[in-house]
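Here are my comments on the model you sent, set out as numbered points. Please read them with the structure open beside the text.

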Amino acid sequence: MHLPRALAHFNRHVTNPIQRRWAGVIPLHGIVEHAGRKSGRTYRTPVLVFGRPGGFAITIGYGLRSDWLRNLLAAEGGGLTHRRRYYTLTRPRVLTGPEALAALPAGYRLFAKLVHVDGVLVVDASAD
């Protein structure tokens, strides 16, 4: 679902601050915490997230060069607030193509195909 970078910029400054109020509470949404690769600053990015055995699958909506994704990969993990619980994320790996679709719940796969999801980040998680 490679959305335009201009939309990503808009979301970062307008939509994300609003979404952070509820994304860590409602189903299918979460807030990824990641450290900047250069600054070390902590960022909180709303994402679409699905539970899976031992961790989560997170859709990649703005392409494989998204800052939150690159930060998690560089740090080899981060954090996630999902349904009011905090999880430590480890072993991030990017899946693409049919492998990415297989990581998603069956009910979401058709939608993911229709909007051309670029990939899915799969992570191991432990509740804190």
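**Notes on the fold**

1. In this predicted model, six strands form a closed barrel, with the 6 strands running in the order E1-E2-E3-E6-E5-E4 and with antiparallel pairing. From one strand to the next, the twist averages 45°.

2. As for the inventory of elements, the protein has 4 helices and 6 strands, and when it is read along the sequence these follow the pattern α-β-β-β-α-β-β-α-α-β.

3. One strand pair can be described in detail: strand E4, which covers residues 77-82, runs antiparallel to strand E5, which covers residues 85-95, and the two are joined by 6 bridges. Within this pairing, Thr81 has Tyr86 of E5 as its bridge partner.

4. Which strands does helix H2 lie across? Helix H2, made of residues 67-75, lies across strand E1 (29-35), strand E2 (42-52), strand E3 (55-60), E4, E5 and strand E6 (119-127), and the helix runs at about 60° to E1.

5. On contacts, I would record the sequence separation together with its cut-offs: among contacts between residues at least 6 apart in sequence, 62% join residues that are at least 24 apart.

6. Finally, on burial and surface, 38% of the 128 residues of the protein count as buried, while the area that the protein exposes is about 7200 Å², of which carbon and sulfur atoms supply 57%.

Technical notes. Residues numbered from 1 in each chain as written. Predicted model: local features only at pLDDT ≥ 70, side-chain atom pairs only at ≥ 80, totals over all residues. Heavy atoms only, no water. Pairing = 2+ DSSP bridges. Axes fitted to C-alpha atoms, helices over the stretch in contact; angles between N-to-C directions. Contact = heavy atoms within 4.5 Å. Buried < 20%, exposed > 50% of the residue type's maximum accessible area, 1.4 Å probe, protein only. Areas by Shrake-Rupley, 256 points an atom, 1.4 Å probe, with all protein chains shown as cover.
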